[in-house]
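Welcome! Please take a look at the sequence and the structure below, and then work through a few exercises with us.

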Amino acid sequence: MKDIDLSKGGANHQKAKGTDDTMTTAQGVAVADDQNWLKAGARGPGLLEDQIAREKIFHFDHERIPERVVHARGYGVHGHFELKEAIPELSRAAIFNETGVKTPTFTRFSTVAGNKGSPDLARDVRGFATKFYTKEGNWDLVGNNIPVFFIQDAIKFPDLVHAAKPAPDRGFPQAQTAHDNFWDFISLSPEAMHMVMWIMSDRAIPRSFRFMEGFGVHTFRLLNAKGESHYVKFHWKPKQGLQSVIWNEALKINGSDPDFHRRDMWDAIDAGDFPKWDLGIQVFDDNFADQFEFDILDATKIIPEEQVPVRIIGTLTLDANVDNFFAETEQVAFCTQNVVPGIDFTNDPLLQGRNFSYLDTQLKRLGGPNFTHIPINAPRCPVRHYQQDGHMAMTNPKGRVNYEPNSWDHGEGPRENPQAGFTSFAEKVDGVKQRVRSEMFADHYSQARQFYISQTAVEQTHMANALTFELSKVERADIRTRMVGHLLNIDDGLAQEVADGLGLAELPPRIEAAREPLNDLPASDALSILKNGPGSFKGRKLGIYIAEGGDADMVDALKEAAKAAGGMVEIIAPHIAGAKLSNGQVVAADQKIDGGASVLYDAVALVMGKAAAENFAKDKPSIDFVNDAFAHAKFIAYAPDVRPLLSGAGVADRMDDGFVELTGKNMTGSFIDKCGELRFWQRDAVKQD
Ligand code: HDE
């Protein structure tokens, strides 16, 4: 048979040059041919004997582990935590006492409802879980970007998650709550109403993981060296400021770049723009707990920052992307039960259930009890015990002894240490064994209302729109009206707006509240995103749409101004090869116009020659680019020659102060300054009929 050279036509079967680059099997045996299964003749059947091919296929077949039952879609990054202020009076944990020490961390951000491959901009809670590899063992702070939760007792979690996830018969909808089952469950669970306000707010569609807060949610305890306890709530405050997108934008981002959040994080870290969060603590005692309006064990309630200020004690910096997504992000195993001496649990019934669930889930996902041997989960401090064996054991002890007490190791093996060891708070507990919830948990509306009245008018409008959108996807009218009945306990105006949005002829009856809501809780500025924006363009992205004949100096000036403000720039052009500008130079593009939708940028600039602008005035992707930027209240800078495109997009006679005409290079600085406000909200607030 003729020997055909397969390397022709692109096939590149490069041969090893020496032993170092020789491919081997998993058993270390050198591979001679990685292209062809062993066959009986060139056109004959494959032979079962081919141990090399079978090993390769066998391993491939087992590449997947079960995805997380919730929070499947996630993105992990390495970093470190540095304590700024020691708190020995509150906690004996080393991580809270050694200032200046950099404790390594791994943080995984996630959505909750969607599968592993679902889009990043689903309306959803975001997980914010951090593993601190402290010198006293691993501490996992497994929180969310919303400080409250849907339910009060862990026994309801499977119902909540079943209702939110795809219906069991049809297997959809994916990664969204806009469907009957979710709102059916919610409308029958008044305890969810506070959380509902948060997920219907723009908190559930963050612009980036970098621009959102994090919360430990539950009340935990801090224990000092004397064993004294203080209650604590943990907060992550992003140094980057808060920012979210608009719902219509989220829908389009999911199509334009379903990996928007993970790409954003990867790019920022890759560019050396390391995101940082301050760790804050709200600390209080039994006296406060006794006089607080709600039960501090109830995870559907916050403690307003005005009542207990957040004290900043340290900073988390995320500074390294993973080397391998599977090994790190997929295999990381967070457990709420992972605490170190000096941190302890409370009787929050949600936290208590979680302490069971996470360990159990890791056993299923990682296949055995030795998941702490996987590098991403392994503590970075000495580990000494007599646990042994099991699937994939990597660190079995040497020698004869595997129990204690024993007479073999002369007292040198691992032994308990009452001083250094973990001790629980000596809380007095007594009670009647029963399935109940504390009566104090029964107020479901007061803080929902407090959240709503703390928002700006723009944010309130977004909430009403979100509720209307979601409930309009609900087929059953009784579920829709039941939800409006709940809203009447929160805010009459909101209920009316949603009822109007749904086209209800009249308001339904108010749902009877288990406990009369308090209508006088004051507004809290900390609850609004817009009141906590960054005031700068740092870490944000400008999209410059260029085309033939555009002013080259202007493009450079825009780039410089954005970079000077700490922002990033992408060039969009009619072709990926770029566009020839006024100086005859071709500037390469990062995106072709139909792949670089304006939803991917925080602000946009348009720089092209007149002929090009006239040409693209009829081009659908170009029109969408302008229209979306306009509709999403973005700041838009344009060279005077670009007016024909603005006319073609129908915005030329609707230009407002969110537009900046680039009449000279000096305009670029003031444009980027404006962009620091992130959006021109006056445009968004205009109600369209
Ligand atoms: Fe989770 N949750 N959860 N959860 N959760 C999981 O653990 C669970 C809850 C949170 O990036 C699972 O490893 C129960 C609240 C995050 O890997 C599972 C209850 C909060 C992550 C589980 C809750 C969270 C999870 C699935 C009700 C915010 C992702 C995979 C009592 C404070 C961690 C896994 C990561 C993951 C159970 C409620 C946050 C099944 C039973 C409240 C950030 O164990």
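Three exercises with worked solutions follow.

This is a predicted model, in which local features need pLDDT of at least 70, side-chain atom pairs count only at pLDDT 80 or more, and totals for chains, interfaces and linings use all residues. Residues are numbered from 1 along each chain as its sequence is written, and side-chain values use heavy atoms, with hydrogens and water left out.

**Exercise 1. Describe the surroundings of the ligand.**

Step 1: Start with the shell. The ligand is surrounded by 21 residues, where a residue counts if one of its heavy atoms lies within 4 Å of the ligand. The closest are Arg-68, Arg-108, Arg-354, Tyr-358 and Gln-362.

Step 2: Sort the shell by class. It has 11 nonpolar, seven polar and three charged residues; Ala, Val, Leu, Ile, Met, Phe, Trp, Tyr, Cys and Pro count as nonpolar, Asp, Glu, Lys and Arg as charged, and the others, Gly among them, as polar.

Step 3: Look for polar contacts (pairs of N or O atoms within 3.5 Å). A ligand nitrogen is 2.7 Å from a side-chain N or O atom of Tyr-358, and a ligand nitrogen is 3.4 Å from one of Arg-354. For Gln-362, the distance from a ligand oxygen to a side-chain N or O atom is 3.0 Å.

Step 4: Find the elements. Strand 3 (126-134), strand 4 (137-144) and helix 9 (349-366) each give two or more residues to the shell. Helices (H or I, at least four residues) and strands (E, at least two) are DSSP runs, numbered from the N terminus. Helix 9 has the largest share, six residues.

**Exercise 2. Which protein atom is the donor of the iron atom of the ligand?**

Step 1: Recall that donors are N, O and S atoms within 2.8 Å of the metal (3.2 Å for Na, K and Ca); water is not among the atoms, so sites may look incomplete.

Step 2: The only protein donor is the OH of Tyr-358, at 1.9 Å. Tyr-358 lies in helix 9.

**Exercise 3. Find the unusual backbone spots.**

Step 1: Most residues other than glycine have a negative phi, and most peptide bonds are trans.

Step 2: Check the peptide bonds. The one from Phe-172 to Pro-173 is cis, with omega near 0°, and Pro-173 sits in the loop between helix 2 (157-164) and helix 3 (180-187). From Glu-404 to Pro-405 the bond is also cis, with omega near 5°.

Step 3: Check phi. His-71 has a positive phi, near 60°, and is in the loop between helix 1 (51-61) and strand 1 (74-83).

Conventions
Polar contact = N/O pair within 3.5 Å; in protein donor to acceptor, adjacent residues only side chain to side chain.
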